Structure formats: C-alpha cells, structure tokens
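Trainee: Could you take me through one part of this model closely, and tell me what surrounds it and what it is joined to? I would like a single connected account rather than a list.

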Amino acid sequence: MQNLGIAMTGSGSAAPATFLDNQALTELVETSDEWITTRTGIRQRRLAKASETMTELATAASRQAIAMSGIDPQDLDLILLATSTPDDLFGSACQIQAQLGATKAVAFDLTAACSGFVFGFVTAAQYLKTGVYQNALIVAADVLSRWVDWQDRRTCILFGDGAGAVVIQANEKDCLLGFEIRSDGTQNNCLNLAYASEPAELIQGVNVGKGNFQPITMNGKEIYRFAVQKVPEVIDKALFRANLSVDQIDWLLLHQANQRILDAVAQRLNIPEHKVISNLANYGNTSAASIPLALDEAVRQSKIKTGDIIATSGFGAGLTWGAAIFQWGR
Ligand code: ACO
C-alpha cells in the first residue's frame, strides 16, 4: 500500500548545560537586564562549551525523538539536518547518522537559517508523501555562540545554542495540512554570517581565498519589520491551503526570536495569548533549533496533545520564511 500522508510521531530536544543570564551579559557589553527583557523577552540563554559540538546536541535530541516515536534508528530512511553552524562545512548529518547507528538512512544538511526546521520538515515530508520513504528524522541544531561578536550588544544578547528533532512517518491520514515556504535574496544583507576571505598568494599571479567567517551582523529593525509583516501572510496562506480558519488553530508555534515578534504576529492574526507557545525567556534565539525545542517542551509538558492543530512559522536569514500547519501525533 502506498501511504500518501505523514504523521509527526516523536520529538526531542537538547541544550548545553551552561547558562548565561542577562545580568552576566552586563560584564561583557553595556546593557541591562531591563533593556534585554523589555525589548526581547529573553532572560537567559544556554551556551555550548568550546569542547561541545553541534553534532552531540543534535544526536541527543534525535535519540529522544526516535524513542518517543517507537521506531528503531535502523528504520530511518532519511535524516535531514537543518543547521547554519555545522561542525564540518562538508556537512554534519552523516556524523549524526553514524552516532545513531541509522545505517539505512541517507543523511544530508539543509541550510535555511532560522527557517531551517520548517523548510526541513516540508522537504522531508515530500519524500514520504510520494511513497519513496517511510520514516524520516528532521533534526535542527545551531551553535550560534561560535559566530556571535560578544562585543556587539545589538546581537550578542539575542542568541543561544540548542537542538530539537522530530520523527515523521508515512501515515494514511495526512497530518501536514498545509504549507508555504518563501525566499527573498534581495534583502540578504539584513542578516549575515558571511564568508570573509583573506587573500593568499599561492605562486606569483595566483591568488586564492583563505577561509574564515565574519561574526553575525544584523539590521534588527528591518528584521523585525520583515517578520511582523511576512509571518502572518505566510501563515494565512498555509491555512488557506489547509482549508482551515485561524480559530481552528490550537497552538501558534513561531521561531523563538523575540517575544515582541511573537506578540505582534499573534495580534495580527487574532490569536489569543494562551495559544502562543513561548520558551525564549530561557533559551534566547536558538535559530533552526527553536521551533522543535519549544515543540518538544510543550509535548512533554502535555500542553500539546494528539490531534492538536499547530501553526508553525520560521523566519530569518536569506531572507527565508515559511509556515506549516500540522496535527500532532497520528
Ligand atoms: N542594551 C542596551 N542598549 C542597546 C542594546 C543593548 N543590548 N542594543 C542596542 N541598544 C541601544 C541602541 O544603541 C540604541 O541606542 P541609541 O538610540 O542611543 O542609538 C537603542 O538601544 C535602540 O536600538 P534599536 O536597535 O533601535 O533597538 P530596537 O528597539 O530596534 O531593538 C532589537 C533591537 C531587539 C534587536 C529589535 O530590533 C529586534 O528584535 N529585531 C528583530 C531581531 C531578531 O529577532 N533577529 C533574529 C531573527 S532572525 C534569526 O533568528 C537569525
């Protein structure tokens, strides 16, 4: 029998043990707990030690998601890693595959910054909806602390490290109800972690670039405007595809960038506060990881229950943005 639907059957998450609260940040830059809390809602973030890898966090989150789904790692056909901070620029998904012992799975990386989880979920679902694969792991992990300029108060207050994962399985009923994913490269310069080439002369007349990356740069006001305008639009579009109205949504699960963005989007969509999932006070912006990390917490707290309808949306560098409407569980 060919299955043409998908169900999300497991979730997991992981974060480094080290905390950094807003007060501690005042030792680094001129800021205050009050400024950070009122402008962003963030109170603390978790930071990976120099010895901790993105792959370790991603693998820990993946193990939990696989266990919750009740499958065996060897049942996985596909592992899709959404990250902008790979441990290896050639890709880190295969290291996760090896650590999980998911010998049958094809594994590769996908980069779409803070939209990475939504893009990864939608992409993996296509393999299942065509009947090609049965079981897929989408794991999203980022260690942006490696790439933050800790002297730049406009950005260093925002980011934290973490990982989140989900397992999706082929299912008769389709629980991915609608989606819309978008890109606009003309606004690329609003948020970058850009390659910084240092010229190196190999022999006379032959120059190559010696690889390095600049720290994260961001036009905060533009990103704020972009998110508050585009996210409601894309959720509306995905809802239209799902043939659902806003009041049928049980949970609004946005990329955890900033509480003010969450509040403004919810207000524009007329979604009451009690339906908005938010855990950014404890983690900051964990980029691709933020949505599955918040999803997993809500599932484990029994906030999200089987059959609940979730509107999720990621947005960020690229620029990229997207929304997916799905039902939790089978
Ligand atoms: N502490 C104290 N003061 C600060 C800090 C800080 N950490 N950072 C900036 N300021 C100062 C500025 O220097 C400025 O001072 P001035 O008026 O004397 O020049 C003042 O505070 C206001 O600065 P703005 O940049 O205008 O502050 P704004 O109200 O726009 O808030 C913020 C900044 C929080 C970054 C906001 O623009 C925002 O949330 N943008 C969205 C950013 C975001 O979510 N990015 C991530 C999404 S994409 C992804 O996840 C990768």
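Mentor: What follows is a close look at strand β6 and its partners, and then at the ligand site and one helix.

The model is a predicted one, and every value below is computed from it. Strand β6 runs through residues 135–143, and 9 of its 9 residues are buried. In a regular strand the side chains alternate between the two faces of the sheet. Taken face by face, β6 has Asn 135, Leu 137, Val 139, Ala 141 and Val 143 on one side, while Ala 136, Ile 138, Ala 140 and Asp 142 are on the other, and all of these are buried, which leaves both faces covered. The count rests on a cut-off, since a residue is called buried when its relative accessible area is under 20%.

The strand pairs with two others in opposite senses, being parallel to β4 and antiparallel to β7. With strand β4, residues 78–82, the pairing extends over 5 bridges, and there Ala 82 stands opposite Ala 140 of β6. With strand β7, residues 161–171, the pairing extends over 9 bridges, and in β7 the residue Gln 169 is the bridge partner of Asn 135.

Turning to the ligand, we find that it sits in the largest pocket and is surrounded by 22 residues, of which Arg 39, Cys 114, Lys 221, Asn 258 and Asn 285 are the closest. Helix α6 (220–242) is among the elements that each supply at least two residues of this shell, as are α2 (33–40) and β14 (309–316); α6 gives the most, with 4 residues. As for polar contacts, an N or O atom in the side chain of Trp 35 is 3.4 Å from a nitrogen atom of the ligand, a polar side-chain atom of Arg 39 lies 2.6 Å from a ligand oxygen atom, and a polar side-chain atom of Asn 285 also lies 2.6 Å from an oxygen atom of the ligand. Of the 1000 Å² of accessible area that the ligand has on its own, the protein covers 75%.

Finally, helix α9 spans residues 290–300, and it is largely enclosed by the rest of the structure because 9 of its 11 residues are buried. Those buried residues are Ser 290, Ile 291, Pro 292, Leu 293, Ala 294, Leu 295, Asp 296, Ala 298 and Val 299. Just after α9, Ser 302 takes a positive phi of about 60°.

Methods. Residues are numbered from 1 along each chain as its sequence is written. This is a predicted model: local features need pLDDT of at least 70, side-chain atom pairs count only at pLDDT 80 or more; totals for chains, interfaces and linings use all residues. Side-chain values use heavy atoms; hydrogens and water are left out. Buried means under 20% relative accessible area, exposed over 50%, partly exposed in between (1.4 Å probe, protein chains only). Two strands pair if DSSP finds at least two bridges between them. A residue is near a molecule or strand if one of its heavy atoms lies within 4 Å of it. A polar contact is a pair of N or O atoms within 3.5 Å; within protein, one must be able to donate a hydrogen and the other to accept it, and residues adjacent in sequence count only if both atoms are side-chain atoms. Accessible areas come from the Shrake-Rupley method with a 1.4 Å probe; for residues, only the protein chains shown count as cover. On a 1 Å grid over the protein atoms alone, a cavity is a set of points where a 1.4 Å probe fits but cannot get out, and a pocket is an open set with protein on both sides within 12 Å along at least five of seven lines; lining residues have an atom within 4 Å of a point. A molecule sits in a cavity or pocket if more than half of its atoms lie within 2 Å of its grid points.
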